Amino acid sequence: MKMSTFLVTLVALLCCLYLVKGNGDETNIDCSTVRCAQVICPANHETYVKPGECCNSCRNCSETMCPLYVKHCPADQFWGRPEGKCCPDCVPCNQKKLNPCPRIAIVCPVGQTPGRKTNDCCISCIECPKEECPLMKCKEGYEMGHVTNKCCQTCVPIQKN
């Protein structure tokens, strides 16, 4: 390598190192001028940006310390492991590929009603909320009784034996 080519290469590397590392203060990094290659990580790895760098790297999930808590996810999300991430988090229901919700009619036992459990996208039987049920007086031929998938009793036709 010619001396001039070596010097140009060395200066370019030092400039790049200064742009990325700055003077040791991460707030001086200007990543807007850095072009990063797309990183595709193998299974059980995730992409992340190392402190003081601008571009993604891969990290083995076995080296990742995940929090031990479970978040309460919004109704349109479930608690799971987002694709390409090591730690669980809230994931939109439309990204639930491995276990899609069954498309069946739900019939719940007395005391339960169809609904979503915390951090679940699929509708299943949940305990009836503790609510005040209205007092009703049924007309002739009807009596108070439970109706499938309803929490409060309502007027149902009297069953003739």
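Which charged end sits over the ring of Tyr-48? In this predicted model, the charged end belongs to Arg-59. The distance to the centre of the Tyr-48 ring is 3.9 Å. Pairs between aromatic rings were also sought. The search covered the whole structure and returned zero aromatic pairs.

The chain holds one helix and eight strands. The helix comes at the N-terminal end of the order, which reads α-β-β-β-β-β-β-β-β. The chain has 161 residues, and buried residues make up 19% of them. Contacts between residues at least 6 apart in sequence were examined for their span. Of these contacts, 23% join residues at least 24 apart.

Disulfides were searched for across the whole structure, and ten were found. Three of them are described here, including the link of Cys-31 to Cys-54. In that link the S to S distance is 2.0 Å. The two cysteines sit in distant parts of the chain, 23 residues apart. Cys-31 belongs to the loop between α1 (3-21) and β1 (45-49). Cys-54 belongs to the loop between β1 and β2 (56-60). The angle about the S-S bond is -80°, and the link of Cys-31 and Cys-54 is left-handed. The two ends differ in exposure. Cys-31 has a relative accessible area of 33% and is therefore partly exposed. Cys-54 is buried, because its relative accessible area of 14% falls under the 20% cut-off.

A second disulfide joins Cys-61 and Cys-86, with the sulfur atoms 2.0 Å apart. This pair also links distant parts of the chain, with the two positions 25 residues apart in sequence numbering. Cys-61 lies in the loop between β2 and β3 (77-80). Cys-86 lies in the loop between β3 and β4 (89-92). The link of Cys-61 and Cys-86 is left-handed, with -80° about the S-S bond. Cys-61 has 15% relative accessibility and so counts as buried. Cys-86 has 8% relative accessibility and counts as buried.

A third disulfide is formed by Cys-73 and Cys-90. Here the sulfur atoms are 2.2 Å apart. Cys-73 lies in the loop between β2 and β3, whereas Cys-90 is in strand β4. The pair therefore ties together parts that are 17 residues apart in sequence. The link of Cys-73 and Cys-90 is left-handed, with -90° about the S-S bond. Cys-73 counts as buried at 4% relative accessibility. Cys-90 counts as buried at 18% relative accessibility, because that value is under 20%.

Strands β5 and β6 were examined next. Strand β5 covers residues 112-116, and strand β6 covers residues 123-127. The two strands pair in the antiparallel sense, over five bridges. Within this pairing, Gly-115 of the chain stands opposite Ser-124 in β6. β5 and β6 form a hairpin, with six residues between them. Asn-119 is in the turn and has a positive phi of about 60°.

Two residues of strand β5 were followed in detail. Gln-112 is in strand β5. The side chain of Gln-112 makes a polar contact with the side chain of Glu-127, at 2.9 Å. Neighbours within four places in sequence were left aside for the contact list. On that basis, Gln-112 is in contact with Cys-125, Ile-126, Glu-127, Cys-128, Asn-149 and Lys-150.

Thr-113 is also placed in strand β5. Is Thr-113 buried or exposed? Thr-113 counts as buried, because its relative accessibility is 14%. A polar atom of the Thr-113 side chain lies 2.9 Å from the backbone oxygen of Asn-149. Neighbours within four places in sequence again aside, the contacts of Thr-113 include Ser-124, Cys-125 and Ile-126. Cys-108, Cys-128, Asn-149 and Cys-151 are also in contact with Thr-113. Asn-149 thus appears in the contacts of Gln-112 and in those of Thr-113.

Methods. Residues numbered from 1 in each chain as written. Predicted model: local features only at pLDDT ≥ 70, side-chain atom pairs only at ≥ 80, totals over all residues. Heavy atoms only, no water. Disulfide = S-S within 2.5 Å. Helix = DSSP H or I, 4+ residues; strand = E, 2+ residues; numbered from the N terminus. Buried < 20%, exposed > 50% of the residue type's maximum accessible area, 1.4 Å probe, protein only. Pairing = 2+ DSSP bridges. Polar contact = N/O pair within 3.5 Å; in protein donor to acceptor, adjacent residues only side chain to side chain. Contact = heavy atoms within 4.5 Å. Phe/Tyr/Trp six-rings, centres within 6.5 Å; stacked < 30°, edge-to-face > 60°. Lys NZ or Arg CZ within 6 Å of the ring centre and 35° of its normal.
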